[in-house]
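Work through the exercises below with the sequence and the coordinates open. Each task is followed by a solution in steps.

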Amino acid sequence: MKVTSFRSLRSASLLASLALALTAPQTFGAAIPTDAFPLFDSYIKISGKVPSVTGDDAAYARRFQTPANGAYGIEALHFAKDLDKETALEFDGRALTGVEDYLGKFKITKNEVGSLDFGYKRFRTFYDGIGGFFPLNNSFRQLGNAELHTDRAKFWVGAKIERPNAPKFEISYVNDLRDGRKDTTIWGDTDFTGIPISSQSSLNLFSANRKITPSYMDLNERQETLLGVMKHTVGNTEYEFEISNNRNNSRDTRWVNRNPGELKPFPAIPSSPASVIPPELANNPTFGFDTQTTKSTIMTYMGKFETKVSEKLMVFGSLSYQDASADIGGDRQMTLTILTPIGPVSSVGMFVANGRPPYSYTTQFGHTNEKILTGNLGVTLTPTKDLRMTLALKGEKLDMDGVNQVTYINNLLVQSTGALTPVNIPAPNTAKRTEKSWVPELDVRYTGIKDLSLYGTFDFRYSPGQDDGTSTGVTPGGPVVLPNVVTSSDNTKLNHNHYKVGANWTVNSAVSVRGEFFYKDHTNKYSDRITAGDGYVLGYQFRGAKFTAIVKPDARITFTTRFVHQTGKMDTTVDGALNYQSMDSKNDMFGETIDWNPTTQFYMQGNLNVVFATIQTAYPSAGGTGNDVLRNADNNYTNGSLIAGFVVDKNTDAQLQYTFYRADNYSAPTVVTQFYGAGVKEYTVALSLKHKFSDRLIGSLKVGYFDSKNDTTGGFTNFRGPMGYITIDHAL
Amino acid sequence: MRTQPRWTKSTLIFGGAAIWALFLVSCVVADRAIVAPPKIAGATYVGTKECAQCHEEQTGHFDGATHSNLAMKDAKAGDIGCESCHGAGSIHVKAGGGKGTIINPAKSPEACFQCHLDKRGEFSLPNAHPVLAGQVTCNDCHDPHKGHVVKRTGAELETINETCTKCHTAQKGPFLFKHNAMVEGCTVCHNPHGSVNQKMLVARDANLCLRCHLEHPANVAGGVIGDGKIVAGGEDHRTRLQGGTCWSAGCHEDVHGSNASKAMRY
């Protein structure tokens, strides 16, 4: 059915294109834009958007960032007024319920004096809580939390003093908030995946106790920034001084729940022994949370200058000092329930003898300090009018230290009696880090060849440092758990090089082409380590090219073509061991946009993007049983849009819009682990009309249809349906 | 039973004829221009000098900006560096400024998409910053008027991750035990413009981590290439990966850094 519809649309597009092309010369150039829709200085725009969703409401909300029951309200309010010849007042507002998108912005500006502005903005982001789909037994998980969304809000107030020939001052206060609940890809474990599980572990083909279930996070983040800036120009020198106080206060909690009895038997498992998970294995309910808190204060002092020594020489430099201190904390409590002769026993951090505790801990105290001194100095040389070179050197010195004293909460369960014994383990964690980085840069541009611009940027980052730390975990130790202390001391040397050369050639008034080649080479070395196996000599190289061509055969049509090609390789090892190529990636992107304005009263714009991207790691070189959990990560997709607009009459415009997206990378055959790739087919089609009712009133109506099919979720999150969108713009 | 719209030959013929007739009629009864975004109907080029009269802050340092590498004189219109992105400015100049008379990339990404076609495609994906919805703009992360579009180099004080952590404060750290991927940059794991994968990940599976955390199979006893071992941290992780990705199922959950576990387990 769908194939037929696409063929039809293609045919329709071709027919329409042919007809327009044949008649275009007769109409082009005849019209003069005298009936343009008015531009209101001050206006209010009221809108309503109503979909009728068949299928998964949450998936629709996430894709279109609108709830399935729609949104309506004041989409835009703009009021501008000149209070006198020198003073202007502006107000912008928005209040859309459903999407919970609100804005109130006020600004008053007086020429050659300054401005004052303040406002509040808030918008909502929707999530769908989609978990994994496991085709083995048609198993699909989705978070039950109906309201998965986060709100970002911002309040700001600022003032500027901008007198002519005098220092300019700016002071502002910004309060950013982010709160709400969102899904996360950091999933918990479950037994719902359909992986065959037997009560006799020797018969299990696959790991029986580590499967995955979707999880969610509660966010509560606040950032306040008080900023003061002074800028001044004396002669040929610009100065800027800045001081800021940034305070962060975040408390993010991830919930990790596993419900009992979720096993959905794998059909191929024989019934003898019965495929029921015994309590002592993995089917115990687990309810837990992991809260991370940070309360930090960051003071930053910065000064910079830029002086024009002559027409051929400019010198610039800057210096910044940042002092950050933070109180940190963590609270992770995993509560297990296990059946015993006295009934179910629940406790935080519960484990049985020789079993691994579920890593529950609480922070006693934690603190970090970080000081960063950064400075740079550079020159811009213009020896000829066509040659421009910038040479700069940046130096950074970072010192960081921190401590986090936690206590692991463990409770030993004797399953035969139900008796619990607390086994709490104090665990210190410390870190000390220094880095001294040098970052030279050379930037060159040459325009001495007619219609040709050549440029290149070369920057390097050489960053030696020392990274020491002590991490304390817990490990099973028979009837108890024992502290597991890992001390590390790494001498680090990072060499990061980036090269870019390109050209922009205006061939003639109809054709311009651009090409750019880039190369990125990173090498990270760790030495003098006292703990082997946790650090890597890592080297990777990315190289590629970007090409863009803009072709305008005549004033009515423009072809813009872009091609990006990139390949990458990585090599890893540990000290004294063999090198190994750990990654091989390829990414090819082709994009085309065609703008066609055959007459002044019609336009068509088509966009197409085709991407082939793959990341290969150990698959298939792992071989054997290793490949039961591996596939390449393919991220191929195609998407595009087609928009056609035309004038219906002197008061009405119409627009047709079609968008589509295809991804066909879903790899279902993996028996275990998580799915690989994404498989999606979706399109939207819409017709909108915009009508001028009077010189002060404009209305629009849009009706459309959407359809989304998602193989990644086994079709459980498909949605489709019609939608309507209406707006009214009124001049104030 | 599910129904879908049916496109037949008759629908095409009559529908197409109706639209075409409507279009022909419009040519007669209307005297008005309509253009594809992001153009300004009826506007002509005025040149960069006109722009600099009011927008000195934007034009003053443009010569050192990444985009100035591409700003070349047009054979007919002269120096139109500003108008290459903002559209022809005659109506804007005549009106003395004002909304709706010029393309403002800080309000709409269409100006950027004229050349960055691939970014239009990426922002259209299901997992992307809400640029098309107007909640985030290209300018929130990139300054097209001054310096490098991607901050990192010696001429800039900023580090590459500051672009991300100014909003994503919880990932900023510093953590006692940092993830070295954060040293390479957030974009090592996330494509900020959009991805087919959740959370804008460049891979939604174990390959994300195995790119760096993968060792020669010989690093465990008896291991050789092709024997089914997936070695990281000196241990075979094959059976562990059966449970899901590296950062799921209670394994390495604090992917951005940890204050309690060097292995970033929690």
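**Exercise 1. Locate B:Lys199 and classify its backbone and its exposure.**

Solution. In this predicted model, B:Lys199 sits in the loop between α9 (180-184) and α10 of chain B. Next, read its phi: the value is positive, about 60°, although the residue is not a glycine. Then count the neighbours: 14 other C-beta atoms lie within 10 Å of B:Lys199, so the residue is partly exposed. The step rests on the cut-offs, since 20 or more such atoms would make a residue buried and 12 or fewer would make it exposed.

**Exercise 2. Do the same for A:Tyr359: in which loop does it lie, and is it buried or exposed?**

Solution. The loop is the one between β16 (350-352) and β17 (361-384) of chain A. A:Tyr359 has a phi near 55°, again a positive value in a residue other than glycine. With 21 other C-beta atoms within 10 Å, A:Tyr359 is buried.

**Exercise 3. Find the cis peptide bond that ends at A:Pro620 and the one that ends at B:Pro174, and place each proline.**

Solution. In chain A, the bond from A:Tyr619 to A:Pro620 is cis, with omega near 5°. A:Pro620 belongs to the loop between β28 (602-616) and β29 (633-634) of chain A. In chain B, B:Gly173 and B:Pro174 are joined by a cis peptide bond with omega about 5°. B:Pro174 is in the loop between α8 (162-165) and β1 (177-178) of chain B.

**Exercise 4. Describe the surroundings of helix α2 (residues 57-64) of chain A.**

Solution. Start with burial: 7 of the 8 residues of α2(A) are buried, so the helix is largely enclosed by the rest of the structure. The buried residues are A:Ala58, A:Ala59, A:Tyr60, A:Ala61, A:Arg62, A:Arg63 and A:Phe64. Then ask what covers them: the cover includes β1, β6 (114-126), β33 (697-710) and β34 (719-731) of chain A. Finally, look just past the helix, where A:Gln65 takes a positive phi of about 50°.

**Exercise 5. Trace the pairing of strand β3 (residues 71-82) of chain A with β1(A) and with β4(A).**

Solution. Take β1 (residues 43-51) of chain A to begin with: β1(A) and β3(A) run antiparallel and are joined by 7 bridges. Within this pairing, A:Lys49 has A:Ala71 of β3(A) as its bridge partner. Now take β4 (residues 87-97) of chain A: β3(A) pairs with β4(A) over 9 bridges, also in the antiparallel sense. One of the bridge pairs there is A:Asp82 with A:Ala88 of β4(A). β3(A) and β4(A) form a hairpin, with 4 residues between them. For the wider setting, the secondary structure of chain A comes to 2 helices and 34 strands. Of the contacts in chain A between residues at least 6 apart in sequence, 63% join residues at least 24 apart.

**Exercise 6. Identify the largest nonpolar core and the elements that build it.**

Solution. The largest nonpolar core has 28 residues, and those with the most contacts inside it are A:Ala618, B:Ala206 and B:Leu208. Two or more residues each come from β7 (130-134) and β10 (168-188) of chain A, and from α10 (207-210) and β2 (231-232) of chain B. α10(B) supplies the largest share, 3 residues. Neighbours within four places in sequence aside, B:Ala206 is in contact with B:Leu241, B:Thr245 and B:Cys246. A second, separate core has 26 residues, including A:Tyr637, B:Ala43, B:Ile102 and B:Leu125.

**Exercise 7. How many residues of each chain take part in the contact between chain A and chain B, and what is the makeup of the chain A side?**

Solution. Counting contacts gives 141 residues of chain A and 95 residues of chain B. The chain A side divides into 56 nonpolar, 64 polar and 21 charged residues. As for confidence, the model scores ipTM 0.89 and pTM 0.89. Chain B averages a pLDDT of 82, with 83% of the residues scoring at least 70.

**Exercise 8. State how chain B is divided into domains and how many Å separate their centres.**

Solution. The division gives domain 1 (48-103) and domain 2 (162-258). Taken over C-alpha atoms, the centres of domain 1 and domain 2 of chain B are separated by 44 Å.

Terms used. Residues numbered from 1 in each chain as written. Chains lettered and ligands numbered in written order. Predicted model: local features only at pLDDT ≥ 70, side-chain atom pairs only at ≥ 80, totals over all residues. Core = buried A, V, L, I, M, F, W, Y, C linked by C-beta atoms within 7 Å. Contact = placed C-beta atoms within 7 Å. pLDDT = per-residue confidence, 0-100. Nonpolar A, V, L, I, M, F, W, Y, C, P; charged D, E, K, R; others polar. Domains from an automatic or database assignment. Pairing = 2+ DSSP bridges.
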